[in-house]
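User: I would like a close look at one charged pair. Please start there, then widen the view.
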Amino acid sequence: MPMHYLRTYASPQRTDISNRRLGRSLAFVAGAVNAGGFFAVGEYTSHMSGVVSALADNLALGDTALLLAGLASLSAFFLGAATSAILINWGRRRSAHSRYALPLLLEAALLLAFGLLGARLAAHGHIAATVALLCFVMGLQNAIVTKASRAEIRTTHVTGLVTDIGIELGKLFYWNRDAGAGRVTADHQRLALLGSLLAMFLAGGVAGAFGFKYLGFVTTVPLALALLLLAIVPLLDDIRDRRR
């Protein structure tokens, strides 16, 4: 893949095209980690709606162990998003080419560690820690694309995507009786973007589920390498600038 093409993914110069490329790529990763992680640890980790609902259920049931595990997952997602924001803002203050690449690099490192050490952690009963790690990774990732796209794109959950697709479809099939100022029209470009993000999340989920089913934790290693590939060019740009 040409260097100039790779540079568009995580460069500080953001365009609609680069945001969509990054968003689709990370939606695939999120789908793979979420579905594959369920095979590994028995829980979905990319969205917090279920986690918060489970917190309420476990509080009512008096299940302290599950309540604490849920709080750890929620806190890890918070911490991941905060870490991403800190890295991006740190890079922005220093005019770094790698401001968005830094959290991508951290995500790649954590997924690589999960792929290489996850089976050992699970075998020793560290399920809650493994779930928290994946929640941290998903919080980290969601904040990357949220910051890069100015909150236009999110990748780790599909509830908002499906809602927005439904809204645009409602506009698309709305029957306008006249061509007046109040005419309802769908945003075809946005509908295509939302549909592609949903499709990539689903494709990633299928890949992750089959990968974990047949290969186990090592399935996340190719995902980590792909993220590293997206992050490497801005990092090399920073290294080149420092040598000048």
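With which residue does Arg-240 form a salt bridge, and how far apart are the closest N and O atoms?

Analyst: Arg-240 is paired with Asp-241, and the closest N and O atoms of this salt bridge are 3.5 Å apart. A salt bridge here is a side-chain nitrogen of Lys or Arg within 4 Å of a carboxyl oxygen of Asp or Glu. In general, side chains of opposite charge can pair when their charged atoms come close.

The model is predicted, so local features need pLDDT of at least 70 and side-chain atom pairs count only at pLDDT 80 or more, while totals for chains, interfaces and linings use all residues. Residues are numbered from 1 along each chain as its sequence is written, and side-chain values use heavy atoms, leaving out hydrogens and water.

The pair does not stand alone: Asp-237 joins Arg-240 and Asp-241 in a network of salt bridges. Arg-240 has a relative accessibility of 38% and so counts as partly exposed. Asp-241, at 30%, is partly exposed too. (Buried means under 20% relative accessible area, exposed over 50%, and partly exposed in between, with a 1.4 Å probe and protein chains only.)

The structure holds 4 salt bridges. One of them joins the side chains of Asp-164 and Arg-190, at 3.0 Å from N to O. This pair links distant parts of the chain, with Asp-164 in helix α7, Arg-190 in helix α8, and their positions 26 residues apart. (Helices, H or I and at least four residues, and strands, E and at least two, are DSSP runs numbered from the N terminus.) The relative accessible area of Asp-164 is 25%, so Asp-164 is partly exposed. Arg-190 is partly exposed as well, because its value is 24%.

Another salt bridge connects Lys-171 with Glu-168, where the closest N and O atoms are 3.6 Å apart. Both residues belong to helix α7 and sit 3 residues apart, about one turn of the helix. Their surroundings can be compared through accessibility. Glu-168 is buried because its relative accessible area is 5%, whereas Lys-171, at 31%, is partly exposed.

Now the wider view. The chain has 9 helices and 0 strands. Its C-alpha atoms fill a box of roughly 65 × 60 × 35 Å along the principal axes. Of its 244 residues, 43% count as buried.

Cys-135 is one such interior position. Cys-135 lies in helix α6, which covers residues 127-148, and is buried because its relative accessibility is 1%. Its C-alpha atom is 4.9 Å from that of Phe-77, although the two are 58 residues apart along the chain.

The loops between helices supply other cases. Ser-95 is placed in the loop between α4 (64-93) and α5 (101-123). Ser-95 has a positive phi of about 55° although it is not a glycine, and its relative accessible area of 57% makes Ser-95 exposed. Ala-151, in the loop between α6 and α7 (159-172), also has a positive phi in a residue other than glycine, near 70°. Ala-151 is partly exposed because its relative accessible area is 43%. Further along, Leu-215 is in the loop between α8 (188-214) and α9 (220-243). Leu-215 is exposed because its relative accessible area is 62%.

To return to the starting point, Arg-240 and Asp-241 form a salt bridge and share a network with Asp-237.
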